[in-house]
Amino acid sequence: MASDSALVHEYDVVIVGAGIIGLTIARHFLISSDLSVAIIDKKVPCSGATGAGQGYLWMIYKTPGSVIWDLSQRSHQLWKMLAQSLEEEGLDPMVELGWKKCGSILIGRTEEESDMLKGRVKIFCEAGLKAEYLSSSELIKKEPDLLVDRYSAAAFLPEDCQFDARRTVAYIEKTNRKFAAKGRYTEFYNDPVERFIRSDINGEIKAVQTSNNTIYSKKVVIVAAGCWTGSLMQDLFRNWEMDLHVPVKPRKGHLLVLENFNSLQLNHGLMEAGYLNHPTISDVESSDPEQNLSVSMTANTDAAGNLLLGSSREFVGFNTDLDESVVSHIWKKAGEFFPKLQALSLSDLSAIRKVRTGLRPYMPDGKPVIGPVPGLSNVFLAAGHEGCGLSMALGTAEMIVDMVLGYPEKVDSTAFSVNKVG
């Protein structure tokens, strides 16, 4: 419990969670209103899924007409507008954000996948995106180091971009902190939330109590705690004879990073078609199908020249320990696409090898929850983006701020509504 000497503060907006979602929500409130904002986290930014992300802003693996399509497209537009605004200020988006307009390629290796990719290119074009279908001969010209045979083909989105999560978070924090001198912004890091305090008058949440502080909210509390959101809300609500069902749970991922790696040339961001359905690795199947490990090839080179190879998915609770067997699966999968890697051993690359692990906030229906909690009009959730938190952050921030301030929505939020409280 918080000590009796806990400090008391008051802000208009209190945000729980300082990942990319929470930080961008804070930024949007600060630049589009005169409200004061406090952001709370049990650790520091980039300690969780945000810091483990690959940083791609790709539409290539999303489907036009799907529930998340409009939000993803709007968010990507906002990221590109941010990069453009930096250029207009005389800043380099690559330096500030690790920004690259790399284009993305979704690779098929069978006739069935080739036909599927032709169909995807068609619907991408119908949705207004610039998209191309690449035959095997066209694909090898785009990516000479890629293993290409007569069945290989790809969908290509030349406008897709990427950034570096750590650089981007640092830039957003710098932007937010400019408002601190005006008394409009404070960070409460390394300060876990312990409970919500309800008003005796109207039952709304009036404050968030942490280990070291009691932070009152004059307008709204927003919970953007990633995969911890569901359990956090249940714990906080348990004593109120209320139950909020937010079925978000952790889905662990590994990302292999080879620093300043120049033995492989990548001209674009690459992803195998299998990424769309995450097939299970047959030799490590569990009796519980939800725990089965999935590894799909994703590869890109970041602004610092590091090769990023992914990606894995598995349900192992909140365990973030590095698993060398998963790293081996990622390396083996990458070697199937890039013959140059087959001649190299991971043990020989230990001096430049890093592994990021993180917990994606998974939702069973594949869409995040964004909006007010029924029965608590001043509490909003923004969580459950799984592997799309980086790419959907700015769109989510805009959606939340528009809801709170009563502005017209740029994207229909109906599909992201929070389940009813029982």
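Hi everyone, this is a short tour of one protein chain, going from its domains to its sheet and then to two of its helices. Please keep in mind that we are looking at a predicted model.

Let's start with the domains. The domain assignment splits the protein into three parts: domain 1 is made up of 7–54, 166–247 and 365–416, domain 2 covers 104–158, and domain 3 covers 249–361. How far apart are the C-alpha centres of domain 1 and domain 3? They lie 30 Å apart. Across that boundary, 15 residues of domain 1 are in contact with 20 residues of domain 3. On putting a number to such a boundary: the size of an interface is often given as the accessible area lost when the parts come together. Here, the area buried between domain 1 and domain 3 comes to about 1300 Å², and carbon and sulfur atoms give 55% of it. On the domain 1 side, please look at Gln54, Cys227 and Glu386, which supply 50% of the area that domain 1 buries against domain 3, more than any other three residues.

Now for the sheet. There is an open sheet of 8 strands with mixed pairing, and the strand order is 5-6-4-13-14-15-12-16. Which strands sit at the edges? Those are strand 5 (132–134) and strand 16 (353–362), each pairing on one side only. From one strand to the next, the twist averages 20°. If you zoom in on strand 4 (residues 104–108) and strand 6 (residues 153–157), you'll see them run antiparallel, joined by 5 bridges. Within that pair, Ile105 stands opposite Phe156 of strand 6.

On to helix 3, residues 69–88. With 20 residues at 1.5 Å a residue, helix 3 should span 28 Å, and its end C-alpha atoms are 29 Å apart, so the two values agree. The buried residues of this helix include Trp69, Trp79, Leu78, Leu82 and Leu86, and also Arg74 and His76. Just after helix 3 comes Gly90, with a positive phi of about 85°.

My last stop is Glu173, which lies in helix 7 (residues 165–177). Is Glu173 buried or exposed? Its relative accessibility is 11%, and because the cut-off for buried is under 20%, Glu173 counts as buried. And what is Glu173 in contact with, leaving aside its neighbours within four places in sequence? Its partners are Leu23, Pro45, Glu187 and Tyr189.

That's my tour, thanks for listening!

Notes:
Residues are numbered from 1 along each chain as its sequence is written. This is a predicted model: local features need pLDDT of at least 70, side-chain atom pairs count only at pLDDT 80 or more; totals for chains, interfaces and linings use all residues. Side-chain values use heavy atoms; hydrogens and water are left out. Helices (H or I, at least four residues) and strands (E, at least two) are DSSP runs, numbered from the N terminus. The expected span of a helix is 1.5 Å times one less than its number of residues. Buried means under 20% relative accessible area, exposed over 50%, partly exposed in between (1.4 Å probe, protein chains only). Two strands pair if DSSP finds at least two bridges between them. Axes are lines fitted to C-alpha atoms, for helices over the stretch in contact, and angles run from 0 to 180 degrees between N-to-C directions. Contact means heavy atoms within 4.5 Å. Domain bounds come from an automatic or database domain assignment. Buried area is the accessible area (1.4 Å probe) that two parts lose on being put together, summed over both.
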